[in-house]
Amino acid sequence: MSHQHDRALGALYGLAMGDALGMPTQIMPRRSIVARFGAVTGFEPGPAENPVSAGLPAGSVTDDTDQAVIVGRLLVDGNGHIDPLRLAQELLEWERAMKAKGSYDLLGPSTKAALEAVSRGVPPEEAGRSGSTNGAAMRITPVGVAFPDKPLEAFVDHVAAACRVTHDTTLGIASAAAVGAAVSRGVGGGGLEDAIAAGITAAAAGAERGHWVYGASIAARIEWAVDLVRGLPEAQALDRVSDLVGTSVASQESVPAAFAVLALADGEPWRACLLAANLGGDCDTIGAIAGAIAGSLSGASALPADALTTLRSVNGLDLEPLATSLLALRAAAPGEPPAVSRATRPVPGRRGRPAEPHRKTGTTMAASQDDRVGAVETRGIEPVPDTERHGHPGQMFWTWFAANISILGLPLGAALVSFRGLNIWQAVIVAVIGSFGSFALVGALSIAGKRGGAPALTLSRAVFGVRGNAGPTLITWLSRLGWETINTTTAAFALLALLNVAFGVRQNAVLTVVCLLVFIGCTLLISGLGHATIMWINKWATYAFGVLNLVVIAFLAATVAWDKVFQAPAGPVSAMVVGTGMIAAGTGIGWANAGADYARYLPRQIPGRRLVAASAFGAGIPLVVLISLGSLLAAGQPDLASAADPVSAINAMLPSWMSIPYLIAAFGGLLLSNHLSVYSAGLTMITLGIRVRRTVAVGLDVVVTFAGGIYFILIAKDFYGPFITFLTLLAVPITAWVGVFAVDLMLRRSYDRVALMDVGPTSRYWFRGGVHWSALGAWVVAIVVGLLFTEAATSSTDVWFAGPLSGTWVGTNGLGWVVTLALAAGVYALLLRLGGATARADEPSEPPLPPHTLAEPTAQESA
């Protein structure tokens, strides 16, 4: 048996297994199941008190399996097409046969009404215009086996054709598309998260078909239901599903419930089916759906052998021929999908359909989600669906390696010797701890991007509230602008020096502006294209500029005054502590609020520890080399740490013929760092509420950067004075955000992706007045206390700001940001504990409301 055949057979038998396990407990409330069975742990006979399943032997299937087999047989007979009239006749004949056996497990009212309408001559495309319950979803599995879910439009055409006669509505098609796509993705070899994501995507597409009926979004409720149960104990999760998601025949209840138990069982078929059976309500259908998807993921070979034996013997089931025939359709892949009218859904706001309520999202959803090298990334800040997740942790290694091979690491190392009095061995230790440690923190915070699929400051809405997040977002944007200005200014110095060496052209105001524009243009080209291009360039450009940097480093090492290096006395341990803080503040802390921006396309299942390791080593390796070299150079060039133009200062140490490769390497290294900063700044600008496309946001950002570059080069006399002052001031609120966000991340496993994009009062993250006061309060308190220890000055006579405690040891050594980090984390954790909200396995302790109001079913229907 082939792998695909095993999965196809697993889908069909998984459906039957979930159906049979749920048979005795269907229409029972969950509390009655607990009282009657304790817990359903296997096949049970229909209890006498159950009017639907009384007297049925253990292992008996119901309408879910029978009708799915009918759909499968009609697909095979029609070579991939379902004759709606024949489907109506087959379903009516099935009900007559069930009545003859004395069964009460008959067609539901909605399905029966549609089929009787067809019998009276009503056209099939009109008969199903009110069917919105789960009948189509429960029998759609054969369509998922018979057709691949890509291209999506063609697949939804097949689903809509199967729904047309009984459930030709937005809800009916959306729910069936969700189940069918998840099964199809499983049969095609996908994993659990992939199948769930495929179901959500297909549900959204299916909602564009059929006659409009009021009711909650199937796609949104599946996503919500899955997030609702993640990390919870089974009993608590089942209570949540029963009480909040619902287990009725309404498709917006039972279909999300099936996906929830699928996720709770981690895709294991037998467990998923048992969980569904213990829910009650329409649990035979919930079990059939969950079992079909789980079976498609694991294959029939993973189903319990004794369970298969029972299903075959009790029901006379032999599904292997059907699985073989459906896979033959899949292999043939007909070019023309069934003809399905897409005009039956009235245009929103026009006659026949009320306009949908407006939901504020804070950004326009991208029309295209392409994330390919060379293509313009059209996604803004909206979370990346699991179906579009790709990549590996190694991308984070190259991302942070590329961001840190610029020459700015050399003056940082020089400052350790010139300003802190460390010797070379102490400087190396400080470089290792400061750079590796700070970027390990960046990697840890980037786990949030992997979990939520959104940029860091968009995810921050879940922590601070959609309004409370404005302060941290604004500070972050200013931070990004500052780093970009520093990079742009330094790169312009490099380009000016290159022109002077290569062509003898001296610096002037016009040439300075031109050099700034050249660097900005290169940045805009890369950042504008987006994520995939950035990831590709990071890797290959690192090789090219890394080699140039190694050559330059070798020649710089030859200028080191080794006698002075080895004669330098050791500095105090306190200076090492201060130096570690300075390196951390000047490297990783500045990127801590951007890591998630680049990790958001990574698959959820990647272990977080690999992101931490990739980030720490990716940045740590080049930083330790550059900082250590800067420390060596400072022994003979103590003025390097305070050079107004660090590019020229380093260039003066090299042989004249080495200037050109050095300056090219300097320019390239700064470019690699800058395009990351500009990319993040564009996302942060959108999060602030500026409603523009990501590419436009990037363009606006570089305009501001250009103005800053002109100021630094043509107006400011001291380059590094304003630079260190800038770092000192912004390190305080940024580290306060890091402290709060890190505590929240430790207590959270997932984000509500719908709520992240809803910036109105309907959002789960609205909290009180749009603000999560515990988080914002901790952030503000930490900033105030941190500033007490902070002095921001470009010189002894040019003091921008001096806190009353800036003269203490902590203050004079620039460690106010450390106090801020610890205090923000501690205060927030304390406030959460006082508020009783420390248990946040997925979301806040209090269960959240569904994303939309539920629509009540028009009639109880099990088909």
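Analyst: A helix is a DSSP run of H or I at least four residues long, a strand is a run of E of at least two, and both are numbered from the N terminus. The structure is a predicted model in which local features need pLDDT of at least 70 and side-chain atom pairs count only at pLDDT 80 or more, while totals for chains, interfaces and linings use all residues. Residues are numbered from 1 along each chain as its sequence is written, and side-chain values use heavy atoms, with hydrogens and water left out.

User: Thanks! How many helices and strands does the protein have?
Analyst: There are 38 helices and 2 strands. One of the helices is α18, residues 320-332, and R330 lies in α18.

User: What makes R330 a residue without a salt bridge?
Analyst: A salt bridge needs a side-chain nitrogen of Lys or Arg within 4 Å of a carboxyl oxygen of Asp or Glu. The nearest side chain of opposite charge to R330 is D149, at 5.2 Å, so the pair misses that limit. Here Lys and Arg count as positive and Asp and Glu as negative, with His and the chain ends not counted. R330 is nevertheless buried, a word used for under 20% relative accessible area (over 50% is exposed, in between is partly exposed; 1.4 Å probe, protein chains only).

User: What does the side chain of R330 reach?
Analyst: The R330 side chain comes to 3.0 Å from the backbone oxygen of G144. R330 is also in contact (heavy atoms within 4.5 Å) with residues beyond four places in sequence, including Q4, F147, P148 and S184.

User: Why is α9 described as largely enclosed?
Analyst: Helix α9 has 9 buried residues out of 12, so the rest of the structure largely encloses α9. Among the buried ones are F155, D157, H158 and C163.

User: How do you know that the length of α9 is close to what is expected?
Analyst: The expected span is 1.5 Å times one less than the number of residues. For α9 (residues 152-163) that gives 16 Å, and the helix reaches 16 Å from its first C-alpha to its last. Helix α1 fits in the same manner, with 20 residues, a reach of 28 Å and an expected 28 Å. α1 is mostly covered too, with 18 of its 20 residues buried.

User: What is listed for the peptide bond from K150 to P151?
Analyst: That bond is cis, with omega near 0°. P151 sits in the loop between α8 (141-146) and α9.

User: Why is the pair of F397 and W398 called edge-to-face?
Analyst: The structure holds 16 aromatic pairs. For F397 and W398, the ring centres are 5.2 Å apart and the planes stand at 90°, so the pair is edge-to-face. Rings of Phe, Tyr and Trp (its six-membered ring) pair if their centres lie within 6.5 Å, and planes over 60 degrees apart are edge-to-face, under 30 stacked and the rest tilted. These two residues belong to one aromatic cluster with F401, W540 and Y543.

User: And what makes W562 and F566 a stacked pair?
Analyst: Their centres are 6.0 Å apart with 20° between the planes, so both values fall inside the limits for a stacked pair. W562 and F566 lie 4 residues apart in helix α27 (residues 562-567), about one turn of the helix. An α-helix has 3.6 residues a turn, so residues three or four places apart point the same way.

User: How do you know whether W398, W562 and F566 are buried or exposed?
Analyst: W398 has 18% relative accessibility, so W398 counts as buried. W562 has 38%, so W562 is partly exposed. F566 has 54%, so F566 counts as exposed.

User: What is notable about the phi of I27?
Analyst: The phi of I27 is positive, about 65°, although I27 is not a glycine. I27 lies in the loop between α1 (3-22) and α2 (30-37), and its 48% relative accessible area makes I27 partly exposed.

User: Why is G453 called buried?
Analyst: G453 has 0% relative accessibility, so G453 counts as buried. G453 lies in the loop between α21 (424-452) and α22 (456-459). G453 and R753 are 300 residues apart in sequence but 8.3 Å apart in space, C-alpha to C-alpha.

How values were computed:
A polar contact is a pair of N or O atoms within 3.5 Å; within protein, one must be able to donate a hydrogen and the other to accept it, and residues adjacent in sequence count only if both atoms are side-chain atoms.
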